[in-house]
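Reader: I am a first-year student, and I should like to study one part of this structure closely. Please choose a single pair of side chains as the starting point, and then explain how the elements around that pair are arranged.

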Amino acid sequence: MNIIVVGCGKVGLTLADQLNKENHNITIIDSNEKVLRHAVDTLDVMGINGNGAMLRTQQEAGVKNADVLIAATDSDEINMLCCLIAKKEGNCSTIARIRNPEYSEEITYLRDELNLAMVINPEMAAAKEIERLLRFPSAMKIDSFSRGKIDLIRAKLPENSSLCGLKLYELTSNFKVNVLICSIERGDQVMIPDGHSEFRPGDVISFIAKPQAANAFFRQCGIEYAPIRSCMIVGGGRVTYYISKYLQDNHMKLKLKIIDTDKDRCDFIADEFPEATIINGDGTDQDLLLREGIENTDAFCSLTGFDEENIMLSLYAGKLSKARLITKINRIAFENVTSEMNLGSVIYPKQIVADHIVQYVRALQNTQGSNVETLYKIADGKAEALEFKVKDDPKIVHHTFAEMKFKPNVLIAAIMRNHKMITPRGADYLLPGDNVIVITTNTGFNDLKDILA
């Protein structure tokens, strides 16, 4: 597909890189020639130097033949204008990054009136993921499918876990809980497990379960579970704003303490969220953190605008307390290094957005088959979890899984049928209208038929 990305910042570069790896033709527009040249040299994509909100620049980028235009500049208003021009001139699908909280109440109106295919907000998406982690404190990561009815949960096995030493086929007889293990991460290795896969201390497992079953599973296999009653956040930016709003809207009983250096920002947050405790101070000041109770907080979120600061804060909090750690990192390039540190759950806002857009583009590619409904990169990007809507394809439906031949490293993880979750076994099969979740270390699946050998 021909895709134009307007804006060569962190989000734009991440999107261009991800979509380029999916073998699309990418053209980047940016007014900063130096930044643009770096992107073209690094990613091997086309580059147009100019203002993406001008018709002439978009024409030069080939908007008439474009399938998708993604506007990801630093200005919400320019992004909306870029999409409006592209829609009028090229009639392509348009995606706009809109970040300002002032627009959050009008997103549906803007999307409909500007005929946008999607609105992306990295900070809002990151906040949603953090809010889920605060509700489910034992998990390293939670990805939701079928509009929140099914969760894919990632957790680390402690040294003394009763799961360690067991083989996967022994799980059902030892644990009376309906869960399905989807992947096992051991060092740099990611495995789609079979019946003889063995669990070891320190393994990071991803499993599918309903919330009640997940809680019971955590307790049985020795993973600590304690509800979050207090949370300290360093950094009062947009992510913190959206987290506070989600917690307020969901009536979550949680003592929230926010620390930020900017007094005006503190005053704004205090006015918006009167039940939270707002402290105007330096979040890297150890004396301040100790005074405010870092040693006793249930959760600690480092959400400043600086990756290095967030890493150091989480390491410090992890040393002083048993708090649930959540660390925001913008530069994905160092994930191999940070994965070895005790940073708790690491949130990459740009990657969350990239996953949503790749999901949309894959679905757009295939209008006849069983489209990708949801897509997540899991196991630090080494595997994918995809949700497909099943259509009436004779190669797919009414065949038991025991009869079907799948590609290597493919797992059917769950089926949603008539609002009920089915944990698949060999005798199960797919029906038209089902939603099915597939876990695989393969990449680039656009259609459900891609899983077949």
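Author: A salt bridge is counted here when a side-chain nitrogen of Lys or Arg lies within 4 Å of a carboxyl oxygen of Asp or Glu. The model under discussion is a predicted one. By this rule, the count comes to 18 salt bridges. One of them is formed by Lys 257 and Glu 292, with the closest N and O atoms 3.3 Å apart. Lys 257 belongs to strand β13, whereas Glu 292 sits in the loop between α11 (286-291) and β15, so this pair ties together parts that are 35 residues apart in sequence. As a general matter, side chains of opposite charge can pair when their charged atoms come close.

Strand β13 leads to the sheet that contains it. This is an open sheet of six strands in the order β14-β13-β12-β15-β16-β17, and the pairing is parallel. At its edges stand β14 (277-280) and β17 (345-347); each has a single partner strand, so one side of each is left without a neighbour in the sheet. On average, and with direction ignored, neighbouring strands of this sheet are turned by 15° against each other. Towards the β17 edge, strand β16 (residues 324-328) runs parallel to β17 and is joined to β17 by three bridges. Ile 326 has Ser 345 of β17 as its bridge partner.

Helices accompany this sheet. Helix α10 packs on the sheet and touches β13 (255-260) and β14, with a direction that makes about 170° with that of β14. Helix α12 (residues 307-320) lies across β12 (230-234), β15 (299-302) and β16, and runs at about 170° to β16.

Helix α10 also has a helical partner. Two packed helices are described by the angle between their axes and the distance between the axes. The axes of helix α9 (residues 238-249) and helix α10 (residues 263-272) come within 11 Å and cross at roughly 15°. Since angles under 35 degrees count as roughly parallel, α9 and α10 are therefore roughly parallel to each other. Their crossing is right-handed. On the α9 side, the contact is made by Arg 238, Tyr 241 and Gln 248, and on the α10 side by Arg 265, Phe 268 and Glu 272. By class, the contact of α9 with α10 has two nonpolar, one polar and three charged residues.

Helix α9 leads further, to helix α6 (residues 122-135). Helices α6 and α9 pack at an angle of about 50°, with their axes 8 Å apart. That angle makes α6 oblique to α9. The crossing of α6 and α9 is right-handed. Among the residues of α6 that make the contact are Met 124, Ile 130 and Leu 134, while those of α9 include Arg 238, Val 239 and Ile 243. In the contact of α6 with α9 there are 10 nonpolar, no polar and four charged residues.

A second sheet completes the picture. This open sheet of six strands has the order β3-β2-β1-β4-β5-β6, with parallel pairing. Its edge strands are β3 (46-49) and β6 (118-120), each of which pairs on one side only. Neighbouring strands here are turned by 20° against each other on average, direction ignored. Strand β5 (residues 93-97) pairs with β6 in the parallel sense over three bridges, and Ala 96 stands opposite Val 119 in β6. Helix α1 (residues 10-21) packs on this sheet and touches β1 (2-6), β2 (25-30), β4 (68-71) and β5, its direction making about 165° with that of β2. Helix α4 (residues 76-89) packs on the sheet as well, touching β1, β4 and β5, and its direction makes about 175° with that of β5.

Methods
Residues are numbered from 1 along each chain as its sequence is written. This is a predicted model: local features need pLDDT of at least 70, side-chain atom pairs count only at pLDDT 80 or more; totals for chains, interfaces and linings use all residues. Side-chain values use heavy atoms; hydrogens and water are left out. Axes are lines fitted to C-alpha atoms, for helices over the stretch in contact, and angles run from 0 to 180 degrees between N-to-C directions. Helices (H or I, at least four residues) and strands (E, at least two) are DSSP runs, numbered from the N terminus. Angles under 35 degrees count as roughly parallel, over 145 as roughly antiparallel, 65 to 115 as roughly perpendicular and the rest as oblique. A crossing is left-handed if the near helix is turned anticlockwise from the far one by less than a right angle, and right-handed if clockwise. Contact means heavy atoms within 4.5 Å. Ala, Val, Leu, Ile, Met, Phe, Trp, Tyr, Cys and Pro count as nonpolar, Asp, Glu, Lys and Arg as charged, and the others, Gly among them, as polar. Two strands pair if DSSP finds at least two bridges between them.
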